[in-house]
Amino acid sequence: MRFFRLLRILSTVGRHGLDEFIVGRGTAPVRLAFRVAFFWADRSGPRGKRLRVAFQELGPVFVKFGQLLSIRPDLVPTDITDELSKLQDEVPPFPADQVVATLDRAYGKSCTEVFRTLDLVPVASASVAQVHFAVLPDGREVAVKILRPGIVTTIDKDTSLLYAVAGLIERLHPLSDLLRAREVVSEFDKIIHDELDLLREASSMSTVRRNFEASAILYVPEVHFDWCTREAMVMERIDAIPVNDLEQIRAHGIDIAQLGRNGVEIFFTQVFRDGFFHADMHPGNIFVARDGRYCGVDYGIMGSLPEVDKNCLALIFIAFFKRDYKAVAVAHIDAGWVPPDTGVEEFEGAIRSVCEPIFDKPLKDIYFGKLLIRLFEVGRRFRMDIQPQLVLLQKTLLQVEGLGRHLDPNLDLRRAAQPILERWMNEQVGPRGLWNQLRREAPMWSKTLPQVPRLVHKILSDDAPGRIERAILRLEATQRRQTRILAAIAIVLGAMVAGFLLFRP
Ligand SMILES: Nc1ncnc2c1ncn2[C@@H]1O[C@H](COP(=O)(O)OP(=O)(O)O)[C@@H](O)[C@H]1O
Ligand SMILES: [Mg+2]
């Protein structure tokens, strides 16, 4: 089976004249073989387009992989990313009998017992899943998302082929260090495998629902966990307007410019307040309820950011908005995103030279998502290790901006985002932030503090160059935190003593 799949891939490469992508040591004979075997191939179109058509022909895994590459202009030339971003994830629906069979298997009983009615005509059908409307026995209207039969095996097979190709690229390609092919495939592998588990998606959806329980701007459908398995999920059916249908939105008297700003607010709130964001915000997943709230579906791809990255990112955004490139550079170094020996001035200069020309454009032409890509490109030159989560974030920011601009061409992302960021920063560094941090970290410190002398001794006796400096830097950072924690303890104790003295019965 795998052999035939490989043959099919090779013939697709040949037919579209993609042998020009096979470069590196000892590959000339391979190219020649392709040229001879596929002498009739049409090599006239642009290479990006030929690659896109080939991905499309090779099916869902390649389509999704191409989509992932399309958001990596730091790795792939822009003529190719432009083409790959046109890849559409559209496939014919799978037949009704397979819908029923999958549901019966998932629930261990006939799905006629689970649903009062099930509409066998799908609402939507994509490469991984398909959605049907249904009604529960108690009359509630639901949407049922069902995994495509056999998709797990298909994806497993194709990803293992992708790994093999990536391995070859790493061995042969002259720029293999920069391309990091296997790493890109493994990121893809993780994303696509997450999408294959609908129970996980249901949990993500319900988490975001909880995070936005009281929100006046986002509504997340309720998950009916009793009928959720890895292969099928059941959720409240929403009756809302697709976000692209501006005419209908307008007809309901909804303020469209406000909607644009709300989108930015939702994104920044998910990223900074919750550290858990919907990372697939294309228009097909976004609806607008008649009361003007957003309704978001499809929580298959989520991004999450740890506390340190959130801090650093917030600092970078704020500095960015103020065009303070030095602060941008310092935040990268402080977060450990670039090596500690990076020259601040040099890094600052490089950031300035990519950002300043963009900032000089009229507001409507500034895309912060694109700026972030440029920033990553600069970072890469300074040996920045770009985490997959940051790539997801940057991609989503581009989607959110695209959506915002679609709703309101004059959308000012800076104005919409800055108050959220500043509020969040204040909560982090103000007294409340201190208290939160103390509560979070106290148990850890009580465990690690006694070890400090031993660690210092170990580091000092280990005289590798640079280690002592780094250790001192780390210790200094630790000290600063400890001082803050001690200050907080002192304040709390002081307040208790004062309370005791003043209000003593
Ligand atoms: N809860 C829901 N209520 C109403 N329609 C839904 C619901 N969930 C999904 N849909 C419809 O099904 C489509 C596909 O669902 P989605 O979760 O985005 O699947 P995919 O992962 O295949 O993109 C959506 O664009 C929407 O039209
Ligand atoms: Mg979708």
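**Figure 1. Strands E3 and E4 contribute to the shell around ligand 1.** At least two residues of the shell around ligand 1 come from each of the strands E3 and E4 in this predicted model. The shell comprises 17 residues, and the closest to ligand 1 are Ala-124, Ala-126, Val-131, Ala-143 and Asp-298. By residue class, the shell around ligand 1 contains 11 nonpolar, 3 polar and 3 charged residues.

**Figure 2. The hairpin of E3 and E4.** Strand E3 (129–135) and strand E4 (141–147) are paired in the antiparallel sense through 7 bridges, and within this pairing Phe-133 has Ala-143 of E4 as its bridge partner. The two strands form a hairpin with 5 residues between them, and Gly-139 in the turn has a positive phi of about 95 degrees. Arg-140 also belongs to the loop between E3 and E4; because 14 C-beta neighbours lie inside 10 Å, Arg-140 is counted as partly exposed. The C-alpha atom of Arg-140 is separated by 8.5 Å from that of Arg-237, although the two residues are 97 apart along the chain.

**Figure 3. Strand E4 paired with strand E6.** Strand E4 is joined by 5 bridges to strand E6 (residues 232–236), and the two run antiparallel. Val-144 has Val-234 of E6 as its bridge partner, while Ala-143 stands opposite Met-235 in E6. Ala-143 is therefore a residue to follow from view to view, since it is also one of the residues closest to ligand 1 and the bridge partner of Phe-133, in a strand E4 that is largely enclosed by the rest of the structure because 5 of its 7 residues are buried. Strand E6 is mostly covered as well, with 4 of its 5 residues buried.

**Figure 4. An open sheet of 4 strands.** The strands of this open sheet follow the order E5-E10-E9-E7, and their pairing is mixed. Strands E5 and E7 (241–242) are the edge strands, each of which pairs on one side only. Between strand E9 (residues 286–288) and strand E10 (residues 294–296) there are 3 bridges in the antiparallel sense, and Phe-287 is placed opposite Cys-295 in E10. The edge strand E5 (residues 218–219) has the highest mean pLDDT among the elements of the chain, at 98.

**Figure 5. Helix H13 and the glycine that comes after it.** Helix H13 (residues 256–274) has 19 residues, which at 1.5 Å a residue should span 27 Å, and the end C-alpha atoms are 26 Å apart, so the two values agree. The buried residues of H13 include Leu-259, Val-264, Ile-266, Phe-267, Phe-268, Val-271 and Phe-272, and among them are also Arg-261, Asn-262 and Gln-270. Just after H13, Gly-275 takes a positive phi of about 65 degrees.

**Figure 6. Helix H3 and the helices that help to cover it.** The 12 residues of helix H3 (residues 47–58) reach 17 Å from the first C-alpha to the last, close to the 16 Å expected at 1.5 Å a residue. Buried in H3 are Gly-48, Arg-50, Leu-51, Arg-52 and Phe-55, and what covers these buried residues includes helix H4 (60–70) and helix H5 (78–84). After H3 comes Gly-59, which has a positive phi near 100 degrees.

**Figure 7. Phe-321 in helix H14.** Phe-321 is part of helix H14 (residues 307–321), and because it has 17 C-beta neighbours inside 10 Å it counts as partly exposed. Leaving aside neighbours within four places in sequence, Phe-321 is in contact with Arg-414 and Gln-418. The C-alpha atoms of Phe-321 and Phe-368 are separated by 9.5 Å, with their positions 47 residues apart along the chain counted as the sequence separation.

**Figure 8. The whole chain as context for the close-up views.** The chain contains 22 helices and 11 strands, and 30% of its 505 residues are buried. Of the contacts between residues at least 6 apart in sequence, 63% join residues at least 24 apart. The mean pLDDT of the chain is 85, and 85% of the residues score at least 70, whereas helix H21 (residues 452–461) has the lowest mean pLDDT among the elements, at 61.

Notes. Residues numbered from 1 in each chain as written. Chains lettered and ligands numbered in written order. Predicted model: local features only at pLDDT ≥ 70, side-chain atom pairs only at ≥ 80, totals over all residues. Buried ≥ 20, exposed ≤ 12 C-beta atoms within 10 Å, placed from the backbone. Expected span 1.5 Å × (residues − 1). pLDDT = per-residue confidence, 0-100. Pairing = 2+ DSSP bridges. Near = placed C-beta within 6 Å. Nonpolar A, V, L, I, M, F, W, Y, C, P; charged D, E, K, R; others polar. Contact = placed C-beta atoms within 7 Å.
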